[in-house]
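Please read this report with the sequence and the three-dimensional view side by side, and look up each residue as its name comes up. The text moves from ring pairs to charged pairs, then to the core and to some single residues.

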Amino acid sequence: MPKVVALVGWLFVCVGLLMGLVGFASPEGPLGAGIASVAIIAGGMAFVAMYRNFYVVTYAYEVVFRSVLGKERKIPYSEIQHYHLQTMKGQRFLTVKSIHGVKLSLNIDAYDMKPLLRAIDYHQATGCWPVRVEAGTPDFGY
């Protein structure tokens, strides 16, 4: 997530604290400023929490991400059901949906999605997804 989201969040928190000081600390301060300051602080904390919770990491065989609300998800490339690459307002967006309904949609110019894009190229060339091969021999109990 862009750092501007965190900066805006901290700016809202600071402005809300200053408004709260004016609204609650001074005896003739307007009560509306105090009430609005609570809402601005809550909004700023929401922006900071969104920035803190969201991340995307791509590996050779899967992509792991956390949503804005903090739920961590994983999509192995072998479980991708649908993907769509589109350009909107000069920026490239990729939407990936797994067979379990997990959906990831993001700007691929803002995040390092090279392993996922290589897997998509591999899928287009061969018709199958790259699959992780476990090391070692299987144990058949002999």
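In this predicted model, a search of the whole structure finds 3 aromatic pairs. One of them joins phenylalanine 54 and tyrosine 111, whose ring centres are 5.9 Å apart and whose planes meet at 65°, so the pair counts as edge-to-face. Phenylalanine 54 belongs to the loop between helix H2 (31–53) and strand E1 (55–58), while tyrosine 111 belongs to the loop between E6 and H3, so this pair ties together parts that lie 57 residues apart in sequence. Phenylalanine 54 has a relative accessibility of 16% and therefore counts as buried, since the limit for that word is under 20%.

Another aromatic pair is formed by tyrosine 83 and tryptophan 129, and this pair is also edge-to-face, with 5.7 Å from centre to centre and 80° between the planes. Because tyrosine 83 sits in strand E4 (residues 80–88) and tryptophan 129 in the segment after H3, the pair ties together parts that are 46 residues apart in sequence. Tyrosine 83 is partly exposed, with a relative accessible area of 23%, whereas tryptophan 129 counts as buried at 11% relative accessibility.

Charged side chains can be paired as well, and a search of the whole structure finds 2 salt bridges. The table sets them out with the distance between their closest N and O atoms.

| Positive residue | Negative residue | Closest N and O atoms |
|---|---|---|
| Lysine 74 | Glutamate 62 | 3.9 Å |
| Arginine 92 | Aspartate 109 | 3.2 Å |

The bridge between glutamate 62 and lysine 74 links distant parts of the chain, with glutamate 62 in strand E2 and lysine 74 in strand E3 (residues 72–76), 12 residues apart. Glutamate 62 counts as buried, at 14% relative accessibility. In the other bridge, arginine 92 lies in strand E5 and aspartate 109 in the loop between E6 and H3, so that pair ties together parts that are 17 residues apart in sequence. Arginine 92 is partly exposed at 37% relative accessibility, and aspartate 109 is partly exposed too, with a relative accessible area of 46%.

Why does arginine 66 have no salt bridge? This residue, which lies in strand E2 (residues 62–66), is buried, and its nearest side chain of opposite charge, that of glutamate 72, is 4.1 Å away. A salt bridge needs a nitrogen and a carboxyl oxygen within 4 Å, so a distance of 4.1 Å does not qualify. Arginine 66 does touch glutamate 72, however, and beyond residues up to four places away in sequence its contacts also include Arg52, Asn53, Phe54, Tyr55 and Lys71.

In soluble globular proteins, nonpolar side chains tend to be buried together. Here the largest nonpolar core has 18 residues, and those with the most contacts inside it are Val56, Val63, Ile75, Tyr77, Ile80, Met113 and Leu116. The elements that give two or more residues to this core are E2, strand E5 (91–98), strand E6 (103–107) and helix H3 (114–126), and the largest share, 3 residues, comes from H3. When neighbours within four places in sequence are left aside, isoleucine 75 is in contact with Glu62, Val63, Phe65, Ile80, Val96, Ser98, Val102 and Leu104.

One of those partners, serine 98, lies in strand E5 and is buried, with a relative accessible area of 2%. Apart from residues up to four places away in sequence, serine 98 touches Ile75, Glu79, Ile80 and Gln81. A polar atom of the serine 98 side chain lies 3.2 Å from the backbone nitrogen of histidine 100.

Strand E4 also holds glutamine 86, which counts as partly exposed at 30% relative accessibility. The side chain of glutamine 86 is joined to that of histidine 84 by a polar contact of 3.4 Å, and, not counting residues up to four places away in sequence, glutamine 86 touches Gln91, Arg92 and Phe93. Glutamine 86 and lysine 71 are 15 residues apart in sequence, and their C-alpha atoms are 26 Å apart in space.

Finally, lysine 89 is found in the loop between E4 and E5. Lysine 89 is exposed, with a relative accessible area of 88%, and its phi angle is near 55°, a positive value in a residue other than glycine.

Note on methods: Residues numbered from 1 in each chain as written. Predicted model: local features only at pLDDT ≥ 70, side-chain atom pairs only at ≥ 80, totals over all residues. Heavy atoms only, no water. Helix = DSSP H or I, 4+ residues; strand = E, 2+ residues; numbered from the N terminus. Buried < 20%, exposed > 50% of the residue type's maximum accessible area, 1.4 Å probe, protein only. Lys, Arg positive; Asp, Glu negative; His and termini not counted. Contact = heavy atoms within 4.5 Å. Core = buried A, V, L, I, M, F, W, Y, C linked by side-chain atoms within 4.5 Å. Phe/Tyr/Trp six-rings, centres within 6.5 Å; stacked < 30°, edge-to-face > 60°. Polar contact = N/O pair within 3.5 Å; in protein donor to acceptor, adjacent residues only side chain to side chain.
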